[in-house]
Amino acid sequence: MSLLYRVLSRLPKPVRDKLVKHKELLKFAFVGGICFVVTVVVNYSLKLTVLNDNPVTAQAIAVIIATIVSYVLNREWSFRTRGGRERQHEAALFFLISGIGVGLNSAPLFVSRYWFNLEVPHVTLLVQEVADFASGIILGTLIAMVFRWWAFRKWVFPQSGARPRIVRVSRRGHRLAVVEDDEEAA
């Protein structure tokens, strides 16, 4: 049994049914969590070293790197059965929408730093860093995530069931059974 199904089997049936019904959204959110970690690590690695005086640039670079990771994971896992476009057209739309997402992700940090002057010497270093995290990492990520979920389903991966699921033969006890790629033999 896969890890996903082991976790789901421990939940109450009404909760499990809701999660299974919205598994595409949950996968998208999980990929988002992975990309959130990538964004934070890259952002602070850049911001605390080579881009110390350019926090918006550090944030944008971090989001671009996370976007590349996001494309691979979303295409091959979250939206693996959706499609309806040629791969290069799909990728171009994905990165165009993600580019808009980079702008949406960076906008709250830009406002925080340059409109509200929440930067040293106007405020303490602690206030600056808390404001950067709240505006750039939390608020920016949430705004971009909602936009991307909507736009990916509408334009990048518009057709449900456009790509067939991978089916394989699995051994269940003493007989063979057909198992889809997101389930495991019990």
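## A cavity among helices

The structure holds one cavity of 30 Å³ or more. This is a predicted model. The volume of the largest cavity is about 240 Å³.

What surrounds that space? The lining of the largest cavity consists of 16 residues. Those nearest its centre are Gly32, Cys35, Ser70, Thr141 and Arg148. Four helices, α3, α4, α5 and α6, each supply at least two residues of the lining. Helix α3 gives the largest share, with six residues. Sorted by class, the lining has seven nonpolar residues, eight polar residues and one charged residue.

### Helix α3

Helix α3 runs over residues 23–47. Several of its residues are buried, including Phe28, Val31, Thr39, Val42, Tyr44 and Leu46. Cys35 is buried too, and Cys35 is also one of the residues nearest the centre of the largest cavity. Some charged side chains join the buried set: Glu24, Lys27 and Lys47 are among its members. What covers the buried residues of α3? The cover includes α4 (55–78), α5 (87–115) and α6 (125–156).

### Checking helix lengths

A helix can be checked by its length, at 1.5 Å a residue. The table sets the expected span beside the distance between the end C-alpha atoms.

| Helix | Residues in helix | Expected span | End C-alpha distance |
|---|---|---|---|
| α3 | 25 residues | 36 Å | 35 Å |
| α5 | 29 residues | 42 Å | 41 Å |

For α3, the distance agrees with the expected span. For α5, the distance agrees as well.

### Along helix α5

Helix α5 has a kink of about 30 degrees. Where does the kink lie? The kink is at Ser106, shortly before the proline Pro108. After α5 comes Asn117. The phi of Asn117 is positive, near 50 degrees.

### Phe157, a loop residue

Phe157 sits in the loop between α6 and β1 (167–172). Is Phe157 buried or exposed? Its relative accessibility is 0%, so Phe157 counts as buried. The cut-off for buried is under 20%.

Which residues does Phe157 touch? Leaving out residues up to four places away in sequence, the contacts of Phe157 are Arg75, Phe79, Arg82, Gly83, Glu90, Phe94 and Phe152. Arg85 makes a further point about the fold. Along the chain, Phe157 and Arg85 are 72 residues apart. Their C-alpha atoms are separated by 7.4 Å.

Definitions and conventions: Residues are numbered from 1 along each chain as its sequence is written. This is a predicted model: local features need pLDDT of at least 70, side-chain atom pairs count only at pLDDT 80 or more; totals for chains, interfaces and linings use all residues. Side-chain values use heavy atoms; hydrogens and water are left out. The expected span of a helix is 1.5 Å times one less than its number of residues. Buried means under 20% relative accessible area, exposed over 50%, partly exposed in between (1.4 Å probe, protein chains only). Contact means heavy atoms within 4.5 Å. The bend at a residue is the angle between axes fitted to the seven residues ending there and the seven starting there. On a 1 Å grid over the protein atoms alone, a cavity is a set of points where a 1.4 Å probe fits but cannot get out, and a pocket is an open set with protein on both sides within 12 Å along at least five of seven lines; lining residues have an atom within 4 Å of a point. Grid points are joined across faces, edges and corners, and a volume is the space filled by probe spheres set on the points.
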